[in-house]
There are 2 protein chains.
Amino acid sequence: MEILEKRIQQDGLVKKGNVLKVDNFLNHQMDIQLFNEMGKEFKRLFADKPINKILTIESSGIGIACVVAQYFDVPVVFAKKTQSINLDGEVYSSKIESFTHKRVYDVIVSRKYLGPEDHILIIDDFLANGCAVNGLIEIIEHAGATIEGIGIAIEKGQQIGGKLLREKGYQVESLAIIDAMDDETGEITFRH
Amino acid sequence: MEILEKRIQQDGLVKKGNVLKVDNFLNHQMDIQLFNEMGKEFKRLFADKPINKILTIESSGIGIACVVAQYFDVPVVFAKKTQSINLDGEVYSSKIESFTHKRVYDVIVSRKYLGPEDHILIIDDFLANGCAVNGLIEIIEHAGATIEGIGIAIEKGQQIGGKLLREKGYQVESLAIIDAMDDETGEITFRH
């Protein structure tokens, strides 16, 4: 998606350790006009799928998912990290390892909001090793719901997550796939 | 706001200890059409204010803030709980006590995304004792930005937060204010 790639080139910062910081427009400050463009593109890419719900994970997936949901006219459910006393009743859960925060999270979704009748589009901001998406897939499978697709803003193409998900047969649509980053020159190479 | 009050009556659950669960449509599963109606109402209520940015706090404020932001045509910044290694540089910070999670959070906003030129609308899902909003106000004041208003989905009118904020002169607009809840009958009384 050209406008997202241009925005990453313009405002993304490449840091040591294969880190790309896009908190200027994606996951701290959020450009809602850009999220709308992403929503239109996801709708085009998943137009033929009978999606009735979007599932994302807190926190940085929520904003994108809510704006994208308008193009599918569906509700959003976000998976919560760690148990909350305000979530009663039964939950589906999974464990997700965050390399950013160097810890393992328990991730939960209330059984009330996911079931066999649901056709799910997973939305998240980043796909790298695939830990977060695989945790969501585990939860959706527990619920007996159908995974219609996976929509990602930025995929780190050098990491294995996207490749493995596609090999399993999922429709993974990443609006920008990064094949190489150089933290000395700041150069970012996209896959096309 | 009548459609929000009706939705709370229909789908909200009153629990012991003055707890209102609205995770069916507000803060776990999210009704994006309802969020759009809330956005229109906030725009009407804050129409005369020169708002250039919305500030909210993770996680349950983010979805509402992003949909609402479309009616103001502004970006959203969300305050993050606890330090992340992916947020470099200087941050504004504040401490917020969560009664739901029974702990104190450090909440941070990058100095890059808040400054003296900013005119801020604070958006959050709940206002009760006001801890979260007061933490955001402290951050905005550190940044030298202007607080143009505070937009809340549901205010618990029996608790002190809204009253104190209004006494300080802030324009606080809560789309539903609850004056009483009965966990035996499930009855909810709104302020009008």
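**Strand pairing across the chains.** I looked first at β5 of chain A, residues 76–81, and found that this strand pairs with β3(B) in the antiparallel sense over 2 bridges. The model I consulted is predicted. Within β3(B), I noted that Gln29(B) stands opposite Val77(A).

**The contact between A and B.** I then recorded the residues involved: chain A gives 30 residues and chain B gives 30 residues. On the side of chain B that touches chain A, I listed the elements that each supply at least two residues: β2 (19–21), β3 (29–30), α2 (32–45), α3 (60–72) and β5 (76–81). The largest share of this side comes from α3(B), with 6 residues. I sorted the side of chain B by class and obtained 15 nonpolar, 10 polar and 5 charged residues.

**The nonpolar core.** I turned to the largest nonpolar core, which holds 123 residues, and found that Cys66(A) and Cys66(B) touch the most other members. For Cys66(B), I set aside neighbours within four places in sequence and looked up the remaining contacts. They are Met30(A), Ile32(A), Phe35(A), Gly63(A), Cys66(A), Val67(A) and Val76(B).

**Phe25(A).** I located Phe25(A) in the loop between β2 (19–21) and β3 (29–30) of chain A. I classed Phe25(A) as buried because 20 C-beta neighbours lie inside 10 Å, and 20 or more is the cut-off for a buried residue. Not counting residues up to four places away in sequence, Phe25(A) touches Arg7(A), Asp11(A), Met30(A), Asp31(A) and Leu34(A). I also checked Lys15(A): 10 residues separate this lysine from Phe25(A) in sequence, and the C-alpha to C-alpha separation in space is 17 Å.

Technical notes. Residues numbered from 1 in each chain as written. Chains lettered and ligands numbered in written order. Predicted model: local features only at pLDDT ≥ 70, side-chain atom pairs only at ≥ 80, totals over all residues. Contact = placed C-beta atoms within 7 Å. Helix = DSSP H or I, 4+ residues; strand = E, 2+ residues; numbered from the N terminus. Nonpolar A, V, L, I, M, F, W, Y, C, P; charged D, E, K, R; others polar. Pairing = 2+ DSSP bridges. Core = buried A, V, L, I, M, F, W, Y, C linked by C-beta atoms within 7 Å. Buried ≥ 20, exposed ≤ 12 C-beta atoms within 10 Å, placed from the backbone.
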